[in-house]
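Student: Could you pick one part of this model and take me through it closely? I'd like the overall setting before the detail, and please spell out your cut-offs as you go.

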Amino acid sequence: MEKTRIADILRALDDALRGARVELRHDSPLQLLIATILSAQCTDERVNRVTPALFRAWPDAAALARAPLPALEKTIRSTGFFRAKARAITSCCRALLERHGGEVPRTMEEMVRLPGVGRKTANVVLGAGYGIPSGIVVDTHMARVAQRLGLTKQTDPVKIERDLLATVPRDEWIFFSIAMILHGRYVCQARLPRCSSCPLSRHCPSNQLETRLLAAKETAARGQGAGRRRASRDRRRS
């Protein structure tokens, strides 16, 4: 039954997001790696504003490894946590030069040994950069959508990925990662999911969440309005 539901979810995602790509703009696995490092606690849109100037100034791993930290920090400042990110970028690129001749490696084991690179970043780069299905990318969007769909009850990213790897076919891991994250970003949003226009609604046990949240907001607004009216009457009486 679960395999059938996963197949239905994948079909619905494909209908809605066929040809989906990561939104971080890049021309190489290295650029995608650096952009993914920058995307921590930052929107892809803002990263995309920063990376053109970044890669013009430092176009390869050798240049980034030698980049003066103050200049690099100034260039990436708007992405937040810019000092830590600048150190991560230079350290990562030095490791690429020392261990891989300046090239981004093609295995999970080698990727996660790079400074500043965890499993999520490695999955992004291997999948979208090289077309290698190394795993499933679990960020906040993926976690939220997978939980709402009932594909996992876990909250830890490693355990969420483990649940998803057991149910999603390997040849769908890359598309599933990209499509689910985009779906979470634009449809199944944290504060108010758009269940009424969701292409996955018929497969989702949480498909009444939008209605419940809107009703709760309306009830809260009525309560606040009644409270203000009572306060106004009390003031007039006094």
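Tutor: Sure, starting with a term we'll need: two residues are in contact when they have heavy atoms within 4.5 Å of each other. Among contacts in the protein chain between residues at least 6 apart in sequence, 57% join residues at least 24 apart. Keep in mind that this is a predicted model, where local features need pLDDT of at least 70 and side-chain atom pairs count only at pLDDT 80 or more, while totals for chains, interfaces and linings use all residues. Residues are numbered from 1 along each chain as its sequence is written, and side-chain values use heavy atoms, with hydrogens and water left out.

The protein chain has twelve helices and zero strands, taking both as DSSP runs numbered from the N terminus (H or I over at least four residues for a helix, E over at least two for a strand). The radius of gyration is 22 Å, well over the 18 Å that the globule rule gives for 238 residues, so the chain is more spread out than a compact globule. That radius is taken over C-alpha atoms, and the rule is 2.2 Å times the number of residues to the power 0.38. Along the principal axes, the C-alpha atoms fill a box of roughly 75 × 55 × 30 Å. For one pair that lies well separated in space, take valine 158 and alanine 221: they are 63 residues apart along the chain, with 39 Å between their C-alpha atoms.

Now burial: I call a residue buried under 20% relative accessible area, exposed over 50% and partly exposed in between (1.4 Å probe, protein chains only). By that count, 45% of the 238 residues in the protein chain are buried.

That brings me to the part I'd pick, helix H2, which covers residues 29–38. Ten of its ten residues are buried, so H2 is largely enclosed by the rest of the structure. The buried set runs from Pro29 to Leu38 and includes Leu30, Leu32, Leu33, Ile34 and Ile37, along with Gln31 and Thr36. What covers them includes H3, helix H4 (61–66), H5, H6, helix H7 (108–111) and helix H8 (119–130).

You can see one piece of that cover from leucine 64, which sits in helix H4. Leucine 64 is buried at 0% relative accessibility. Not counting residues up to four places away in sequence, leucine 64 touches Ile34, Leu54, Trp58, Ile89, Thr90 and Cys93, and Ile34 is one of the buried residues of H2. The C-alpha atoms of leucine 64 and serine 91 are separated by 9.1 Å, although the two are 27 residues apart along the chain.

Follow the chain past the end of H2 and you reach glutamine 41, in the loop between H2 and helix H3 (44–57). Glutamine 41 is exposed, at 71% relative accessibility. Its phi is positive, about 55°, although it is not a glycine. Most residues other than glycine have a negative phi, so that one is worth a look. Phenylalanine 81 has a positive phi too, about 50°; you'll find it in the loop between helix H5 (69–76) and helix H6 (82–100). Phenylalanine 81 is exposed, with a relative accessible area of 58%.

As for sulfurs, the structure holds zero disulfides, meaning pairs of cysteine sulfur atoms within 2.5 Å. Cysteine 42 is in no disulfide, and the nearest cysteine sulfur, that of cysteine 92, is 18 Å away. Cysteine 42 is buried, with a relative accessible area of 17%. Cysteine 204 is buried as well, at 15%, and its sulfur is 6.4 Å from the closest cysteine sulfur, in cysteine 188, too far for a bond.

To set beside H2, try helix H10 (residues 157–167), which holds leucine 164. Leucine 164 is buried at 0%, and leaving aside neighbours within four places in sequence, it is in contact with Ile136, Met142, Ala146, Leu151 and Phe176. Valine 158 is also in helix H10, but counts as partly exposed at 48% relative accessibility.
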